[in-house]
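Me: Got a minute to look at something with me? I'd like to go through the packing and the aromatic residues.

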Amino acid sequence: MIMRDITLSELVVLRPRTEDSDDTLQMDQESFGAFYERTARPVWAYLWRRTGDRHLADDLLQEAYYRFLRARVSHENETHRRNYLFRIAANLVNDNHRRQPAPLELPDEGTPGHPVTEVSMGLQSQRRTDLNRALLHMSPRQKDALWLAYAEGSSHQEIADTLGLKVGSVKLLLFRARRKLVKLMGGPMVVVKGKS
Amino acid sequence: MSRVECKYESEILDAVASGRWPDRLDAELRKHASSCSICSEVAMVSAIYRDECALAMDQVRVPSAGLVWWKSELRARREAVRVASRPIKLVTGIAGTCSIAVLALAILTLSKQLDMAAISAFVVAQPIVLWLVLAVILALTPVALYFVYSDE
């Protein structure tokens, strides 16, 4: 996992704070650290894919965790806590999109360490272009539902919690979103070979 | 209303996740997927998003938990100070408005009682008084502004 290091000056400022218990945030630093390690990467990936801008994703990540920490909400379990964080992230993306709609940036091709061959890279590149074009015609809620269901592997119940919908509505939303995406990408004839 | 889900969806998702789709799928599931529009769509979309997720994960570069915590804590404290100082600002504003109102009232009352023509004649005759008053105002203004804004 790639992490940015804290600079020495930041550490110096941080050290005295760690001994204080801060009642303005809803978690202690240790619990937050563990929760952050489990959730930061998927949340950033979601933010980046939805905004298409890595700098904006960085800002929204910080904002999402800040709002999460300030929220006076009791969580039943880890899943609920995670869903709540994704809900905040989704709202931030949608608020940002309403303020300044921006075209999606295509991810860099041939990223080091990405396990694709040259041939499949070409296919993937084409497919990514098609996907980006198709996503421009889909609603934010459809994009959120598709990402949560098929990138995050969230259950219908988890998606319902995150998007504030009923489970039945999520099923219908996913059905329509899938159908629209497949149609926009040229129909179900385009069968994608899974990675082995 | 047409159906929106299929009972084989989870098996298709498992097959895509484990890399069995489409080559190493068992015969029964393959037969079903070829005839079920829902499952073929699920497989296609799922495969696309799995690759998208893998690519996004390769791009991930998140700050450390300590830095995010520190920034959040700093911002929370700043926010708390802002909220706490709100009543003070309100009282200061009311006091300032009252002072201006009292001053305006005093000037109005005095201007009615004083002989403005005599004062004007005195100022014209003794311009040094006017310059002295202006000098005092110029000297005191920065001092007053310093005390007003020194807390900020």
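Reply: Sure, here is a walk through the fold, the core, the rings and a few single residues. Keep in mind that this is a predicted model.

Me: Start with chain A. How many helices and strands are there in chain A?
Reply: Chain A has eight helices and one strand. Along the sequence the strand is written first, giving β-α-α-α-α-α-α-α-α.

Me: What share of chain A is buried?
Reply: Of its 196 residues, 44% are buried. As for the outside, chain A exposes about 10500 Å², and 51% of that comes from carbon and sulfur atoms.

Me: And the contacts in chain A, what part do residues 24 or more positions apart account for?
Reply: They make up 67% of the contacts with a separation of 6 or more.

Me: Ok, on to the core. Which residues touch the most other members of the largest nonpolar core?
Reply: A:Tyr65, A:Leu181 and B:Tyr49 do, out of 77 residues in that core. Helix H3 of chain B, residues 37-59, gives the largest share, with eleven residues. Domain 1 (9-59) and domain 2 (67-113) of chain B each supply at least three residues to this core.

Me: What does B:Tyr49 touch, sequence neighbours aside?
Reply: Leaving out residues up to four places away, B:Tyr49 touches A:Leu135, A:Leu146, A:Trp147, A:Tyr150, A:Ala151 and A:Leu181.

Me: Now rings. How many aromatic pairs over all chains?
Reply: The structure holds ten. One of them is A:Phe35 with A:Phe68, where the centres are 5.0 Å apart and the planes are at 20°, so the pair is stacked.

Me: Where do A:Phe35 and A:Phe68 lie?
Reply: A:Phe35 is in helix H2 (residues 29-51) of chain A and A:Phe68 in helix H3 (residues 54-70) of chain A, so the pair ties together parts 33 residues apart in sequence. Both A:Phe35 and A:Phe68 are buried.

Me: What about A:Tyr46 and A:Phe86, why is that pair edge-to-face?
Reply: Their planes are at 70°, with the ring centres 5.8 Å apart, so the pair counts as edge-to-face. The cut-off for that is over 60 degrees. A:Tyr46 belongs to helix H2 of chain A and A:Phe86 to helix H4 (residues 78-99) of chain A, so this pair links distant parts of the chain, 40 residues apart.

Me: Are those two buried or exposed?
Reply: A:Tyr46 counts as buried at 1% relative accessibility, and A:Phe86 counts as buried at 3%.

Me: Which residues do ring pairs link into a cluster?
Reply: A:Phe32, A:Tyr36, A:Tyr65 and B:Trp69. A:Tyr65 also came up above as one of the residues touching the most other core members.

Me: Which residue lies over the face of A:Phe35?
Reply: A:Arg81 does, at 6.0 Å from the ring centre.

Me: Different topic: where is A:Tyr66, and what is A:Tyr66 in contact with?
Reply: A:Tyr66 lies in helix H3 of chain A and is buried, with a relative accessible area of 7%. Apart from neighbours within four places in sequence, A:Tyr66 contacts B:Ser72, B:Arg75, B:Ala76 and B:Glu79. A:Leu25 is 41 residues away from A:Tyr66 in sequence, with 8.6 Å between their C-alpha atoms.

Me: Last one, B:Glu41. Buried or exposed?
Reply: B:Glu41 is buried, since its relative accessibility is 6% and the cut-off is under 20%. B:Glu41 is in helix H3 of chain B. With residues up to four places away left out, B:Glu41 touches A:Arg178, A:Arg179 and A:Val182.

Key. Residues are numbered from 1 along each chain as its sequence is written. Chains are lettered from A and ligands numbered from 1 in the order in which they are written. This is a predicted model: local features need pLDDT of at least 70, side-chain atom pairs count only at pLDDT 80 or more; totals for chains, interfaces and linings use all residues. Side-chain values use heavy atoms; hydrogens and water are left out. A nonpolar core is a set of buried Ala, Val, Leu, Ile, Met, Phe, Trp, Tyr and Cys residues joined through side-chain atoms within 4.5 Å. Buried means under 20% relative accessible area, exposed over 50%, partly exposed in between (1.4 Å probe, protein chains only). Helices (H or I, at least four residues) and strands (E, at least two) are DSSP runs, numbered from the N terminus. Domain bounds come from an automatic or database domain assignment. Contact means heavy atoms within 4.5 Å. Rings of Phe, Tyr and Trp (its six-membered ring) pair if their centres lie within 6.5 Å; planes under 30 degrees apart count as stacked, over 60 as edge-to-face and the rest as tilted. A charge sits over a ring if NZ of Lys or CZ of Arg is within 6 Å of the ring centre and within 35 degrees of the ring normal. Accessible areas come from the Shrake-Rupley method with a 1.4 Å probe; for residues, only the protein chains shown count as cover.
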